[in-house]
Amino acid sequence: MSTATPPATAPVGFPFTAIEGQPLLQRALLLAAVDPLLGGVLVEGPRGTAKSTSARALAALLPAGRFVNLPLGATEEQLVGSLDLEAALQRSAVQFRPGLLARAHGGILYVDEVNLLADGLVDLLLDVSASGTNRVERDGVSHQHEARITLIGTMNPEEGQLRPQLLDRFGLFVRLENVPNAQVRKAIVRTRMAFDADPQAFASRHAAAQTALALRVAQARDRLASVEWPEAVHDEVAQRCQDAGVEGVRADLVMLRAARAHAALEARAQVTPADVQAVAELALAHRRTQGQPPAPSSPPAEPPPQHPEVPPAQAGTNLPPTAPAPAPDAGPADQNPASDWGAMPASQAVPLQAVKALRPFQPKKA
């Protein structure tokens, strides 16, 4: 009788196609999967809104299928790579040791609570995400390698905000609200309970939809470079960004790339205004400036002058003007300065209070 332990099977992940109640989040993640150079997706929302579940589920749709988690305590050399000390000591060889960015190439690099990550690491992540290349110049190593990562950062606003400079550099932004109603809550809970009861059977029921979506993403990535932007789309993107009062042109570039990724997902050869409409809020939500009224085209008209003896409440009525009641004990302005509105009363002399003399302090004898 064999007592060998059967090999452990890999844990089954929650299918992307089974996520309930988060269509905007799913759209943003799929756009980043089609075009990793969008600059990543930042997801802001309270606890329990499927942020990490959605990010892990997206990895199964990518060709590489990699999901790399960046811990908050990671160092820069762990992220970008460093000199291989073992090779240097044993063989006197200058050799590059890959970091997490190299491991995540072609897959997902996930940062939970990205607002708590050191600003230097966030800045570095965004540089690599937008360029697709990791360059290392440290410890005597000069090396670069491809790092086409789909960067996904999540954060809970209750735990602090991300600096505006870093927030703007994320390509797409999704702000998740709490569950909108009881019916959606019921559907989410029922789906999750079915998965927890039997993950294998649940994944099998969604296998066909998962395969179809993975093929759709792969085809969209292949046709992405051939999708064209007509002049009307450029005009609409420029006008939307102008109306939103965004700073710089990063929003324009992100919106155009996202609209192209959306058109590729829809198997279109040309971007349409509908594609721009579908991605506009994802590109503008964290860049839109608030409280900027449009500049007036002409100076405002001055109000018509009123009779000084007519109170505003009686202006334009048939009632006779009422003379203002005299102030009590009113006198000439130079003798009664308090009669003017806002004037302070005249200063008064205050007698000094007698201060009791202090006795000198006598230190105790040792």
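## A walk from the sheet to helix α1

Select Tyr-110 to begin: across from Tyr-110, in β8, stands Ile-152. Keep in mind as you click around that this is a predicted model.

Now look to the other side of Tyr-110. Asn-69 stands opposite Tyr-110 of β5. While you're there, pick Val-68, whose bridge partner in β5 is Leu-109.

Next, highlight the strands themselves. β5 (residues 108-112) and β2 pair in the parallel sense, with three bridges between them. β5 also pairs with β8 (residues 150-155), again in the parallel sense, and here there are five bridges. Is β5 largely enclosed or not? Colour by accessibility and you'll see that four of its five residues are buried, so the rest of the structure largely encloses β5.

Zoom out to take in the whole sheet. Five strands make it up, in the order β2-β5-β8-β1-β9, with parallel pairing, and the sheet is open. Select 67-69 and 172-175 to find the edges: β2 and β9 each have a single partner strand, so one side of each has no neighbour in the sheet. Look along the strands and you'll find neighbours turned against each other by 20° on average, ignoring direction.

Time for a loop. Thr-49 sits in the loop between β1 (41-44) and α2 (51-59). Is Thr-49 buried or exposed? Buried, with a relative accessible area of 4%. Show what surrounds Thr-49: setting aside neighbours within four places in sequence, the contacts are Gln-22, Leu-176 and Glu-177.

From there, select residues 23-34, which is helix α1. Its 12 residues reach 17 Å from the first C-alpha to the last, close to the 16 Å expected at 1.5 Å a residue. Nine of those 12 residues are buried, so α1 is largely enclosed by the rest of the structure. To see them, pick Leu-25, Gln-26, Ala-28, Leu-29, Leu-30, Leu-31, Ala-32, Ala-33 and Val-34.

For the last stop, add helix α13 (residues 273-284) to the selection. The axes of α1 and α13 come within 11 Å and cross at roughly 90°. That makes α1 roughly perpendicular to α13. Which residues make the contact? On the α1 side, show Leu-24, Arg-27, Ala-28 and Leu-31; on the α13 side, show Ala-278, Val-279 and Leu-282. Colour the contact by class and you get six nonpolar residues, one charged and no polar. As for the spacing along a helix, residues three or four places apart point the same way because an α-helix has 3.6 residues a turn.

Notes
Residues are numbered from 1 along each chain as its sequence is written. This is a predicted model: local features need pLDDT of at least 70, side-chain atom pairs count only at pLDDT 80 or more; totals for chains, interfaces and linings use all residues. Side-chain values use heavy atoms; hydrogens and water are left out. Helices (H or I, at least four residues) and strands (E, at least two) are DSSP runs, numbered from the N terminus. The expected span of a helix is 1.5 Å times one less than its number of residues. Buried means under 20% relative accessible area, exposed over 50%, partly exposed in between (1.4 Å probe, protein chains only). Two strands pair if DSSP finds at least two bridges between them. Axes are lines fitted to C-alpha atoms, for helices over the stretch in contact, and angles run from 0 to 180 degrees between N-to-C directions. Angles under 35 degrees count as roughly parallel, over 145 as roughly antiparallel, 65 to 115 as roughly perpendicular and the rest as oblique. Contact means heavy atoms within 4.5 Å. Ala, Val, Leu, Ile, Met, Phe, Trp, Tyr, Cys and Pro count as nonpolar, Asp, Glu, Lys and Arg as charged, and the others, Gly among them, as polar.
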